[in-house]
Amino acid sequence: MEEKAAVEEISRLYPAVHRRLRTSGRLLPGGDVTARMLSVLRHLVAYGPLTVGDLAGRLRLSRAATTELLDRVESRGLVARVRDQHDRRRVYVRITETGRTATVNASRDDADRDDPLAAAVRTMTPQERQGLVDGLRALLRGRPAGG
């Protein structure tokens with residue numbers, strides 16, 4: 001395949017693959033919680049109350065994206081924002097009992113749900129898998145991070 005044709009085909013396919021395999025915005029079975037929301041809840045279960053900045057760092061999201069995500073999670077009653085008693089400027093996010101229940105239920109359902117990427121890879125031959133991995137590595141080598 002010629003270079004120009006490859007660039008055009010990759011540019012067409014990459015967004016389609018991303019849309020097809022992305023799970024963060026999809027609702028998990030049996031509820032109105034997405035995978036990204038569940039990630040927030042699991043972090044709060046594991047680490048206790050966190051500031052928005054701490055949570056953003058752990059989720060590897062911007063503060064703005066984290067705030068937007070928290071707005072959605074809070075609107076479902078799964079988390080609450082609480083001001084620090086010693087420093088009123090500081091706000092912590094804590095999980096509610098409803099959030100704990102949703103986390104337990106979603107964790108139970110995790111065993112029943114299949115990751116779309118894993119399901120897609122399972123349909124590939126070993127040669128196709130290796131070819132895809134090799135191609136992705138070559139793309140990353142061709143353009144340094146931040147470049």
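Helices (H or I, at least four residues) and strands (E, at least two) are DSSP runs, numbered from the N terminus. The structure is a predicted model, in which local features need pLDDT of at least 70 and side-chain atom pairs count only at pLDDT 80 or more, while totals for chains, interfaces and linings use all residues. Residues are numbered from 1 along each chain as its sequence is written, and side-chain values use heavy atoms, with hydrogens and water left out.

A starting point is His 43, which lies in helix 2. His 43 counts as buried because its relative accessibility is 18%; buried means under 20% relative accessible area, exposed over 50%, and partly exposed in between (1.4 Å probe, protein chains only). Not counting residues up to four places away in sequence, His 43 touches Gly 48, Leu 50, Leu 55, Arg 58 and Leu 59, where contact means heavy atoms within 4.5 Å.

Some of these contacts belong to the packing of two helices. Two packed helices are described by the angle between their axes and the distance between the axes. The axes are lines fitted to C-alpha atoms, for helices over the stretch in contact, and angles run from 0 to 180 degrees between N-to-C directions. For helix 2 and helix 3, the axes come within 11 Å and cross at roughly 115°. Helix 2 is therefore roughly perpendicular to helix 3; angles under 35 degrees count as roughly parallel, over 145 as roughly antiparallel, 65 to 115 as roughly perpendicular and the rest as oblique. The crossing of helix 2 with helix 3 is right-handed, that is, the near helix is turned clockwise from the far one by less than a right angle, whereas anticlockwise would be left-handed. On the helix 2 side, Ser 39, Val 40, His 43 and Tyr 47 meet Leu 55, Arg 58 and Leu 59 of helix 3. The contact residues comprise 4 nonpolar, 2 polar and 1 charged. Here Ala, Val, Leu, Ile, Met, Phe, Trp, Tyr, Cys and Pro count as nonpolar, Asp, Glu, Lys and Arg as charged, and the others, Gly among them, as polar.

Helix 3 also packs against helix 4, at an angle of about 105° with the axes 9 Å apart. These two helices are therefore roughly perpendicular to each other. Val 52, Gly 53, Leu 55, Ala 56 and Leu 59 in helix 3 meet Arg 63, Thr 66, Thr 67, Leu 69 and Leu 70 in helix 4, a contact of 6 nonpolar, 3 polar and 1 charged residues. The loop between helix 3 (52-59) and helix 4 (63-75) holds Arg 60. Arg 60 is not a glycine, yet has a positive phi of about 60°. With 77% relative accessibility, Arg 60 counts as exposed.

The strands form an open sheet of 3 strands in the order 1-3-2, with antiparallel pairing. Its edge strands, each pairing on one side only, are strand 1 (50-51) and strand 2 (79-83). Two strands pair if DSSP finds at least two bridges between them. Strand 2 pairs with strand 3 (residues 91-95) over 5 bridges, with Arg 81 opposite Val 93 and Val 79 opposite Ile 95. Strand 1 is joined to strand 3 by 2 bridges, and Leu 50 stands opposite Val 93. Helix 2 (residues 35-47) packs on the sheet and touches strand 1, strand 2 and strand 3, its direction making about 95° with that of strand 3.

Further along the chain, Leu 132 sits in helix 7 (residues 126-142). Leu 132 counts as partly exposed, at 43% relative accessibility.
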